[in-house]
Amino acid sequence: MTNEEMTAALLTCDQSEYLQKDMLEQLIKFIPTKEEADLLNEHKDDLSRMARADRFLYEMSQIFHYEQRLHALFYKKKFHERIDELQPKVQVLLAASNEVAESRKLRKVLEIILALGNYMNKGTRGNAYGFKLQSLNKIVDTKSSTNRSVTLMHFLLQMLEKKQYSDVIKLPDDLKNVEYAARVNLTELEKDVRLLRVGLRNLKKEIEVMEKRDVTSDDDCFVAVMSDFVTVASLSFADVDEMLTSAKNKYKQVAESFGEDSNKLQPDSFFNLFSEFLDSFESARKENVAAKQKKLEEEKRKKTEQQQLEKKRRSSKARKKSTQDGAAGGGPDNRGEFDDLVSALRSAEVFDKDVHKFQKRNRHRHRVTSSVSGDMDRERKITTNC
């Protein structure tokens, strides 16, 4: 941009959007001091001999309230960006305060934890009416004497899985904004809001100064443009400022309801206690589910192995019984074959080269014997009848 274009952009409050925010930041860094401006004015008659940068600074310094214009324009360009950054932080702070204050599930969980603590400290420090929030996350440090991987948190989750507490185990659903609120630094948030407030106030003052000028340029649109902006910006800022006040009051109320001093315990620290607890809560729940699943799988595996072992035992028993039955039923045939073998040995037929003929004759002999036996039986019957 030429010096003339830069001058025009500043006078019209950059309605054409030529000047980017990073460019304005650089211009603000190199605003000439009073001494530098006076030195430049001493050489105004030798503009042609000035370096390009010096001539630029000289011409910019001739604009009425050059520095204030730059700051006002930069504030205008950054305003909505800052509002968009601040508003979600204020909203989440207010939402988290309401969630903690209104959650019945949280009250029930804290009640059970207090009961567990009183039972464990029975006879020493039992019958307590409450406990500090800083002690809340120590529940994960209390471990089982038989299994060091199991903590009081796991036991708490096992209790909540029972029917009468089935709804309480959904505690994380009641505190969805707590994790985000733990990241909000109230001190920084108030500082940013304060900067917006101061910037808006300074801009209003600058408009008043511009309005009181005796001589104004027709090209100077500062008053008109910035007045419209202030009207809109004031409404947006008022919404954020009022919401922040509500969030701070609500936080103070909920912190005091838990016995905490809101001036000493900042919201990020307060909500971080609950955020860490919810992380441990959810981790223990998942570990309990995994342990339960593992136990079911182990029981299923043992049952399958037992069934396979029982099946092998039945099969072995059946084979043994079949072998015994076969040996008992095949006695006569075996003896017949043995007698045939002895006869063959005596007659030297067993040494015949054609063993198959020998076996064939044996089979034929058995058939003939069976046939003869049948005829003899029929003849006995006929004789008896006669």
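Leaving aside neighbours within four places in sequence, Asn288 is in contact with His154, Leu157, Gln158 and Glu161, where contact means heavy atoms within 4.5 Å. Asn288 lies in helix H12, which covers residues 267–329, and helices (H or I, at least four residues), like strands (E, at least two), are here DSSP runs numbered from the N terminus. Because its relative accessibility is 10%, Asn288 counts as buried; the term buried means under 20% relative accessible area, with exposed set at over 50% and partly exposed in between, using a 1.4 Å probe and protein chains only.

The model is a predicted one, in which local features need pLDDT of at least 70 and side-chain atom pairs count only at pLDDT 80 or more, while totals for chains, interfaces and linings use all residues. Residues are numbered from 1 along each chain as its sequence is written, and side-chain values use heavy atoms, with hydrogens and water left out.

Taken as a whole, the chain has 14 helices and zero strands. Of its 386 residues, 30% are buried. Among the contacts in the chain with a separation of 6 or more, 74% are between residues 24 or more positions apart.

The N-terminal part can be followed from helix H1, residues 3–11, in which Asn3, Met6, Ala9, Leu10 and Leu11 are buried. The cover over these buried residues of H1 includes H2, helix H4 (52–61), H5 and helix H11 (222–257). Just after H1, Cys13 takes a positive phi of about 60°. Within H4 sits Asp54, which counts as partly exposed because its relative accessibility is 36%. Between the C-alpha atoms of Asp54 and Glu36 the distance is 9.7 Å, and the two residues are 18 residues apart in sequence.

Two of the elements that cover H1 also meet each other. The axes of helix H2 (residues 21–29) and helix H5 (residues 66–102) come within 10 Å and cross at roughly 150°; such axes are lines fitted to C-alpha atoms, for helices over the stretch in contact, and the angles run from 0 to 180 degrees between N-to-C directions. H2 and H5 are therefore roughly antiparallel to each other, on a scale where angles under 35 degrees count as roughly parallel, over 145 as roughly antiparallel, 65 to 115 as roughly perpendicular and the rest as oblique. Their crossing is left-handed, a term used if the near helix is turned anticlockwise from the far one by less than a right angle, whereas a clockwise turn makes it right-handed. On the H2 side Lys21, Leu24, Glu25, Leu27 and Ile28 take part, and they meet Tyr66, Leu70, His71, Leu73, Phe74, Lys77, Lys78 and Glu81 in H5. By class, this contact of H2 with H5 has seven nonpolar, one polar and five charged residues, where Ala, Val, Leu, Ile, Met, Phe, Trp, Tyr, Cys and Pro count as nonpolar, Asp, Glu, Lys and Arg as charged, and the others, Gly among them, as polar.

A second pair, H6 (residues 104–120) and H7 (residues 152–160), has axes that come within 11 Å and cross at roughly 125°, and that makes H6 oblique to H7. The crossing of H6 and H7 is right-handed. Here Val109, Ile112, Ile113, Leu116 and Met120 in H6 meet Leu152, Phe155, Leu156, Met159 and Leu160 in H7, so that by class the contact has 10 nonpolar, no polar and no charged residues.

Further along, helix H10 (residues 186–211) and H11 have axes that come within 10 Å and cross at roughly 155°. H10 and H11 are therefore roughly antiparallel to each other, and H10 passes H11 in a left-handed crossing. The contact of H10 with H11 has 16 nonpolar, two polar and seven charged residues.

The interior can be approached through the largest nonpolar core, whose 81 residues include Val100, Phe270, Phe271 and Phe277 as those that touch the most other members; a nonpolar core is a set of buried Ala, Val, Leu, Ile, Met, Phe, Trp, Tyr and Cys residues joined through side-chain atoms within 4.5 Å. Not counting residues up to four places away in sequence, Phe271 touches Leu93, Ala96, Ser97, Val100, Val178, Ala181, Ala182 and Tyr251. Val178 also appears in another pairing, since its C-alpha atom is separated by 8.3 Å from that of Ala95, 83 residues apart along the chain. Ala95 is found in helix H5 and counts as partly exposed because its relative accessibility is 22%.
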